[in-house]
Amino acid sequence: MISAYIYADGKVEVIDSVERLSKDILQKGKVWLDISQPADGELKKVLEEFFNFHPLSIEDCFTEMHYPKVDDYGNYLFIVIHAPDFTHLETFETVEVDVFLGKDFLVTYSRAHVKSTDTLKEKCIKDSRRTFEQGMDMMFYNLVDSTMDNYNNILDFFEKRIQKFEDEVVDGEITISLKDIILLRNDLKEVRRIQQPQRELFNRLSKQKFSQILDKTRRYMRDTYDAMYRINDEIDNLRDYINSVRDIYMTVESNKMNRVMKTLTVIATIMMPFVVIASIYGMNISLPLGDSPHSFMLIMVIMFFVTVVFMFWFKKKKWL
């Protein structure tokens with residue numbers, strides 16, 4: 001899907017079909033072109049024919065990157081960032097967003113839907129003059145700022161899940177498993193793995209001078225860097241939180257196992273007199289009370305008496 005927002009003469013024109021696009025149309029004014037899950041051939045046509053981007057940056061779009069980065073190609077910057085993927089809530093995943101930032105254009109490409117682009121599209125429609133006239137570098141900042149908000153939403157979701165885990169463990173009504181806790185901890189590790197290089201990316205954008213990013217916008221990049229720093233701190237706090245919940249879970253499960261083993265041990269000890277006396281009288285030799293017609297009842301009374309003594313002793317020792 002391709003969406004082009006072309007701003008000229010105080011108005012914004014929206015084009016949602018690659019067939020309606022041309023190089024002349026894209027040069028009419030300031031342009032934001034968002035490409036998401038394009039059809040075969042559409043991406044290459046737009047990047048090569050309409051914008052004539054460098055082959056290396058185009059190649060990076062077709063090859064999924066692993067870490068955020070920025071490359072300066074003179075008349076534009078090629079930037080790779082990662083946004084949360086809200087289509088897979090069971091595990092944390094990210095969507096790579098490839099950004100081409102020029103003086104009068106912004107091109108974004110992603111293999112899946114990115115929630116932060118929807119926010120930017122609303123701004124382009126509702127407040128097109130302010131959104132475009134601030135500059136394409138500020139439009140890029142707005143995209144990133146919305147992405148950081150989505151990361152905060154993800155962390156809030158993680159925190160609520162951890163609190164739910166903790167409540168279940170403390171209340172004793174455990175419906176989760178150790179696997180659930182480990183998967184959530186791995187999700188936090190994945191967020192941190194992405195955010196660390198992404199934070200350094202915006203540290204570079206805030207300090208290094210690029211012709212596509214004005215001095216006033218670099219201050220906003222610094223604000224994004226600070227926001228990412230806070231996100232990393234929050235990730236560390238949540239990792240400590242989930243580790244403490246894991247320790248509590250392991251303690252509770254261990255106590256449960258100890259109680260089970262204690263109960264089975266008491267039962268086995270109580271049954272021991274029955275087993276011993278029955279084994280002795282099961283031998284094929286002459287034994288006391290062996291010829292008495294009341295031997296069975298007497299032996300049962302002895303067993304019952306020994307069992308009562310054992311239970312009284314256990315009670316006194318507070319083992320029952």
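**Entry 1: helix α4.** I started with α4, residues 115-126, in this predicted model. At 1.5 Å a residue, its 12 residues should span 16 Å, and I found the end C-alpha atoms 17 Å apart, which agrees.

Next I asked which residues of α4 are buried. They are S116, T117, L120, K121 and C124. They cover an arc of only 145° around the axis, so they sit on the same side of α4.

Then I wanted to know what covers these buried residues. I noted that the cover includes three strands, β1 (2-8), β2 (11-15) and β3 (30-36), along with the helices α5 (128-133) and α6 (136-171).

**Entry 2: helix α9.** I repeated the check on α9, residues 295-316. Its 22 residues should span 32 Å at 1.5 Å each, and the end C-alpha atoms are indeed 32 Å apart.

Here the buried residues are S295, I299, M303, T307 and F314. Their arc is only 105° around the axis, which puts them on the same side of α9. On the other side I listed M297, V301, F304, F305, F312, K315 and K316 as exposed.

I also looked just past the end of the helix: K318 takes a positive phi of about 60° there.

**Entry 3: the largest pocket.** Rolling a probe the size of a water molecule over the atoms shows where empty space is left. I wrote down a volume of about 410 Å³ for the largest pocket. It is lined by 22 residues, and the closest to its centre are N75, G102, K103, D104 and F105. The elements giving two or more residues to this lining are β3 and α6. Sorted by class, the lining has 9 nonpolar, 9 polar and 4 charged residues.

Terms used. Residues numbered from 1 in each chain as written. Predicted model: local features only at pLDDT ≥ 70, side-chain atom pairs only at ≥ 80, totals over all residues. Heavy atoms only, no water. Helix = DSSP H or I, 4+ residues; strand = E, 2+ residues; numbered from the N terminus. Expected span 1.5 Å × (residues − 1). Buried < 20%, exposed > 50% of the residue type's maximum accessible area, 1.4 Å probe, protein only. Arc of directions from axis to C-beta. Contact = heavy atoms within 4.5 Å. 1 Å grid on protein atoms, 1.4 Å probe; cavity = no way out; pocket = protein on both sides within 12 Å on 5 of 7 lines; lining within 4 Å. Points joined across faces, edges and corners; volume = space filled by probe spheres on them. Nonpolar A, V, L, I, M, F, W, Y, C, P; charged D, E, K, R; others polar.
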